[in-house]
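Please look through the structure shown here, beginning with its metal site and moving on to a helix and a pair of rings.

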Amino acid sequence: MAILKVARLGHPVIRKPSVSVPKETITSPEIQRLIDNMIETMREYDGVGIAAPQVHESKQLAVIEVTENRRYPGEGPIPLTILVNPKILSTSKKLVEDWEGCLSVNEFRGRVPRAESLEVEAYNRKGEKVRLQARGFFARIIQHECDHLAGKVFLDRMPNLQSLTHLQEFIRYQQEQ
Ligand code: ZN
């Protein structure tokens with residue numbers, strides 16, 4: 001396994017809509033290795049999810065996991081989830097606003113409204129079609145990662161930039177209150 005270099009905002013791959021993974025290639029050594037490397041990269045950088053474009057692979061693939069996380073204390077746990085070619089089938093009308101960060105927009109946090117719950121369909125790493133219902137922080141991460149696959153970042157989802165905050169100031173003025 002290997003820790004991959006993370007693409008940051010400004011690298012064209014972050015803004016490029018990614019291509020779906022052919023179903024028959026999901027179990028190939030190449031895709032399985034990419035999944036393993038994405039998991040290792042997410043854990044190394046204390047992410048709660050990472051999408052393939054963030055590791056310079058323009059593919060419809062994301063991994064999510066929340067354990068005890070230094071970047072997001074008090075959230076989780078969410079078991080390791082692999083989403084290949086995810087499609088959000090439905091979302092709740094109810095929106096919830098909360099803080100988000102991103103390994104590609106590092107050192108910033110901002111408040112983003114997201115659907116409180118959703119249903120998503122995807123392939124897992126064995127190439128099986130799965131449907132997941134998610135709410136709260138899990139639903140938020142799924143929306144954040146699916147945005148990456150469409151070339152969007154959380155900044156695009158902020159109603160305005162008033163809440164945009166450097167991470168140090170976030171810790172000082174938001175988290176400690
Ligand atoms: Zn992100």
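Donors are N, O and S atoms within 2.8 Å of the metal (3.2 Å for Na, K and Ca), and since water is not among the atoms, sites may look incomplete. The model is a predicted one, in which local features need pLDDT of at least 70 and side-chain atom pairs count only at pLDDT 80 or more, while totals for chains, interfaces and linings use all residues. Residues are numbered from 1 along each chain as its sequence is written, and side-chain values use heavy atoms, with hydrogens and water left out.

The zinc ion has as its protein donors Cys102 (SG), His144 (NE2) and His148 (NE2), which lie 2.0 to 2.2 Å from the ion, and their spacing in sequence is C-x41-H-x3-H. Cys102, in the loop between E4 and strand E5 (108-115), is 46 residues apart from His148 in helix H3, so that distant parts of the chain are linked; helices (H or I, at least four residues) and strands (E, at least two) are DSSP runs, numbered from the N terminus. Cys102 and His148 are buried, meaning under 20% relative accessible area, with exposed over 50% and partly exposed in between (1.4 Å probe, protein chains only).

Of the 14 residues of H3, 13 are buried, so the helix is largely enclosed by the rest of the structure. Just after H3, Gly151 takes a positive phi of about 80°.

Elsewhere, the charged end of Arg109 sits over the ring of Phe170, 5.1 Å from the ring centre, where the criterion is NZ of Lys or CZ of Arg within 6 Å of the ring centre and within 35 degrees of the ring normal. Both Phe170 and Trp99 are buried.
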